[in-house]
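Here's a quick briefing on a few spots worth a look. Have the model open as you read.

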Amino acid sequence: MQRTRIAHALLASAVLVSLAACSSGADQHKDEALGSKAAVAPARKKAPVQVLPGMPPVLDPKDVYAADRPNRLSPVVKDFPSRVYVPNTNSNTVTVIDPATYQVIETIPVGTQPQHVVPSWDLKTLWVNNDRGNTLTPIDPKTGKAGKTVDVHDPYNLYFTPNGKYAIVMASLDRELVFRDAHTMKRVKTVPVSCYGVNHADFSLDGRYFIVSCEFSGELLKVDTERMRVIGQQKLPFHGSMPQDVKISPDGKRFYIADMMADGVWILDGDKFTQPSFLPTGKGAHGLYISRDSREMYISNRGEGSISVFDFAQNRLTKKWHLPGGGSPDMGGVSADGKVLWLSGRYNAEVYAIDTASGRELARIKVGSGPHGLAVYPQPGRYSLGHTGIFR
């Protein structure tokens, strides 16, 4: 015990001496002492994304689909009835399905060869693209009633600039991108293109450019949104390529382009616009749809009746769902709660409802002939970029 007390006393004495030595020079090193307390620099706030003028701010630079979470409906659409609108290209009608019952509740006559049902930027109107009829038919999603048609030439598909200023008509046979007033559809600027069959598109994270697929010439375009002009063009490195749907990755770094003849998806760096890499998915790859949690992308393989599932974090395909008895899954969308993937059966006059958790077919519903770009509506999001529903 005596020896232990002595050891403790010596240790205490040493500590006091040490503290005294440190404090004797403290006045000469005030700045050092303050500096040591601030060794961990405060977190810097990231500068906001410099978006296209007039475009709503980006909610999350790491996820362009941050506004599309399950059931996060805009106040504009929260009272709209949930419906699936199916344009029947050969029947010149739109079939309306109640997704709660999987029953057809109405058939709306429209113009000649309706290709897609497109939600407007402000979410208030659904535009039916009557391609060969050279008209757009507006549908009020609150009442389900069709309005007076608007004359628009060759409206194969329809998009909207991220600031809501212009509608962009994909005039496939005219070989034009036509910028129109987003509300009146009055022509503002016509952009002739040298590729053939402009059909699908998606916009960059900042909205300043968009990538367009040219179906019949196997090419891609890069278009400056604000200047309304083509700034890049390339031929896909596959003979007979027929690019279809286009979607940007959640982090905004890559674009995915389905190719129905190459049987897979091209992966493109949109900023650099260099030659893309290729991912085989299945015969007749056609439509691309993002899950409500931004983790997966559903790829419809129209030529083999299957849906491939791509995991963004793993950067690979993780699942493939085959429709029982086959089919021709084409275009569509994901339900507001994210639980059901709806796709048109282009060559089978039917629509498929698919469970996104298991890939199980929930329903197969007969519709008109040649069902194509069906729209599930309403969906979460602040505004629409067009097509069958690209929401931000």
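**A sheet and two pockets**

Strands β18 (residues 255-259) and β19 (residues 264-268) pair up in the antiparallel sense, with 5 bridges between them. Keep in mind that this is a predicted model. The rest of this briefing puts that strand pair in its sheet, then turns to the pockets.

**The sheet**

- Across the β18-β19 pairing, Tyr256 sits opposite Ile267 in β19.
- The pair belongs to an open sheet of 4 strands, which runs in the order β17-β18-β19-β20 with antiparallel pairing.
- At the edges you'll find β17 (243-248) and β20 (277-280); each has a single partner strand, so one side of each has no neighbour in the sheet.
- On average, neighbouring strands here are turned by 25° against each other, ignoring direction.

**The largest pocket**

- The largest pocket holds about 220 Å³ of space.
- It has 17 lining residues, and the closest to the pocket centre are Gln115, Tyr156, Glu215, Phe216 and Arg346.
- The lining of this largest pocket splits into 6 nonpolar, 6 polar and 5 charged residues.

**The second largest pocket**

- The second largest pocket comes in at a volume of about 160 Å³.
- Its lining is made up of Pro61, Lys62, Ser204, Leu205, Asp206, Tyr209, Asp251, Gly252, Lys253 and Asp271.
- By type, the lining residues of the second largest pocket are 3 nonpolar, 2 polar and 5 charged.

Technical notes
Residues are numbered from 1 along each chain as its sequence is written. This is a predicted model: local features need pLDDT of at least 70, side-chain atom pairs count only at pLDDT 80 or more; totals for chains, interfaces and linings use all residues. Side-chain values use heavy atoms; hydrogens and water are left out. On a 1 Å grid over the protein atoms alone, a cavity is a set of points where a 1.4 Å probe fits but cannot get out, and a pocket is an open set with protein on both sides within 12 Å along at least five of seven lines; lining residues have an atom within 4 Å of a point. Grid points are joined across faces, edges and corners, and a volume is the space filled by probe spheres set on the points. Ala, Val, Leu, Ile, Met, Phe, Trp, Tyr, Cys and Pro count as nonpolar, Asp, Glu, Lys and Arg as charged, and the others, Gly among them, as polar. Two strands pair if DSSP finds at least two bridges between them. Axes are lines fitted to C-alpha atoms, for helices over the stretch in contact, and angles run from 0 to 180 degrees between N-to-C directions.
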